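User: I should like to learn how to read the features of a protein model. May we begin with a pocket and the residues around it?

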Amino acid sequence: MSPHEAIDRDFDAHLERIRDFLRIPSVSAHDGDLRSTADAVCELIEFAGGTAAPREPGEKRPTVIGVIDGPGPTVLRYGMYDVQPPGAQWTVAPFAAELIDGRIIARGAANSKGALAASILAFASAPSPCRQVFVCEGEEELGSPRLQTFCDAHRDELAADFALDVDLQEQPGSVFAGVLGLYEIELAAGGGPDVHSSRVHEVPAPAIDLARAVVAIKEAVPAANVTWMVAGTPEDVSRTVVAGTARAGIDLRFAQEDGQLDRVRAAVPAGVRFELKGTYPPALADPDAPPARALAEALRRHGTEPRVQPRAPWWAPYHVFGDIPFASGGPGGGGGAHGPDEWAEVEGLRALMHVIHDALAALCLGGLDAPRQSQVARPDAARR
């Protein structure tokens, strides 16, 4: 039996394990305790014949290192097991992992617990074509604040020839050899009490000052994005007041240090305070290196035309790979990340399992198995 036949044979059971994993509410924000999710990651790796353990005793969101043995080369596999808070506007329970019209609806289905589980479980059905080392964290949605230090401390265990991160993509076949960096900025105006709005002509208006700052920033740096704005007490909209305080969050994505941050600072008018809350480094690898070519070849063999791009528009902590050649990407079949009713197509998860097997096989000096395209062809784009 070929690896692809074995994956298809076991897929229904794998799907239930993926749904069980998605049912764990692994929200890292608000000081979330994700130790049970870290243990679940270890169980997935062990079910696939590997070994794994959380490496940070006492941490609420411990980083996991796991190994699935196989011949050389060694491929470092990054994964995240935390998710964003569900937020509002869901039409189903966000951690029920319901199956609706061929999709799993759940927080983390697309970003990225569904892909992590599927990409591990593929090797419960078929032996790994190469040695895999996993580093899986529970703080990506917090900006991976401890991951670089952790990887530096465990560099010998994480030594690898290549690195890969596979995921479901809203644009099928996307392959990225890097990511943009990200600045997180907070603006604040005012600081006094709210006052009756009949005094609007005689008191400062922090909300207006903040709005002018946002417009000035957007004009100076069009790439700046406003993520949130708060003034007064939004929970009580019946209060007719001049808000005494106003705050806003801005994110700014960048490929390299190019002066954008300085232009944002310069655009902030007097009376509005600027604070840089976080800097998340960009990363770039060679798009013609073996990881990107292997992932592209595997996608093509399973019915999805690859779209190789230098950098993804989103951020992930790929800077921790150092000089290891890396790539990320995958087949289609997921969407709604960070929003309501996040989803992953069941057939997209199946395709991802086939693709990760063959991408690793391609890195092992071309050991690709013949694909079964009738089973794993890219879902019709009209269904997304």
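Analyst: Certainly. Please note that this model is predicted. In this structure, 48 residues line the largest pocket, and Gln84, Asn111, Glu141, Arg253 and His338 are the ones nearest its centre.

User: How much space lies in the largest pocket, and which classes of residue form its lining?

Analyst: The space in the largest pocket comes to about 1,400 Å³. Its lining comprises 22 nonpolar, 15 polar and 11 charged residues.

User: Asn111 was named among the residues nearest the pocket centre. What is the form of the peptide bond from Asn111 to Ser112?

Analyst: The form of a peptide bond is read from the angle omega. From Asn111 to Ser112 the bond is cis, and omega is near -10 degrees. Ser112 belongs to the loop between E5 and helix H3 (113–125).
A cis peptide bond also joins Gly72 and Pro73, where omega is about 5 degrees. The loop that holds Pro73 runs between strand E2 (64–68) and strand E3 (74–80).

User: Which residue other than glycine has a positive phi, and where does Ala97 lie?

Analyst: Ala97 is such a residue, with phi near 50 degrees. Its place is the loop between E3 and E4.

User: Let us turn to sheets. In what order do the strands of the open sheet with E4 and E19 stand?

Analyst: A sheet is read strand by strand, from one edge to the other. Here the order is E4-E5-E20-E19, four strands in an open sheet with antiparallel pairing. Strand E4 (98–100) and strand E19 (334–335) are the edge strands, each pairing on one side only. E19 is joined by two bridges to strand E20 (residues 343–345), and these two run antiparallel. Within E20, Ala344 stands opposite Gly334.

User: Which helix packs on this sheet and touches E4, E5 and E20?

Analyst: That is helix H8 (residues 346–363), whose direction makes about 65 degrees with that of E20. Helix H1 (residues 3–22) lies across E4 and strand E5 (103–105), and runs at about 20 degrees to E5.

User: What is the strand order in the open sheet that contains E12 and E15?

Analyst: This open sheet has four strands in the order E12-E14-E10-E15, and its pairing is antiparallel. Strand E12 (225–231) and strand E15 (272–280) each have a single partner strand, so one side of each is left without a neighbour in the sheet. From one strand to the next, the twist averages 15 degrees.

User: How many bridges pair E10 with E15, and which helix packs on the sheet?

Analyst: Strand E10 (residues 181–190) pairs with E15 over eight bridges, in the antiparallel sense. Tyr280 in E15 is the residue that stands opposite Leu182. Helix H5 (residues 206–220) packs on the sheet and touches E10, E12, strand E14 (245–254) and E15. The direction of H5 makes about 150 degrees with that of E10.

User: Finally, how many aromatic pairs are there, and why is the pair of Phe176 and Trp314 classed as it is?

Analyst: The count comes to eight aromatic pairs. For Phe176 and Trp314, the ring centres are 5.5 Å apart and the planes stand at 85 degrees, so the pair is edge-to-face; planes over 60 degrees apart are given that class. This pair links distant parts of the chain, as the two residues are 138 residues apart. Phe176 is in strand E8 (residues 174–176), and Trp314 is in the loop between strand E17 (307–309) and strand E18 (326–329).

Notes. Residues numbered from 1 in each chain as written. Predicted model: local features only at pLDDT ≥ 70, side-chain atom pairs only at ≥ 80, totals over all residues. Heavy atoms only, no water. Pairing = 2+ DSSP bridges. Contact = heavy atoms within 4.5 Å. Axes fitted to C-alpha atoms, helices over the stretch in contact; angles between N-to-C directions. 1 Å grid on protein atoms, 1.4 Å probe; cavity = no way out; pocket = protein on both sides within 12 Å on 5 of 7 lines; lining within 4 Å. Points joined across faces, edges and corners; volume = space filled by probe spheres on them. Nonpolar A, V, L, I, M, F, W, Y, C, P; charged D, E, K, R; others polar. Phe/Tyr/Trp six-rings, centres within 6.5 Å; stacked < 30°, edge-to-face > 60°.
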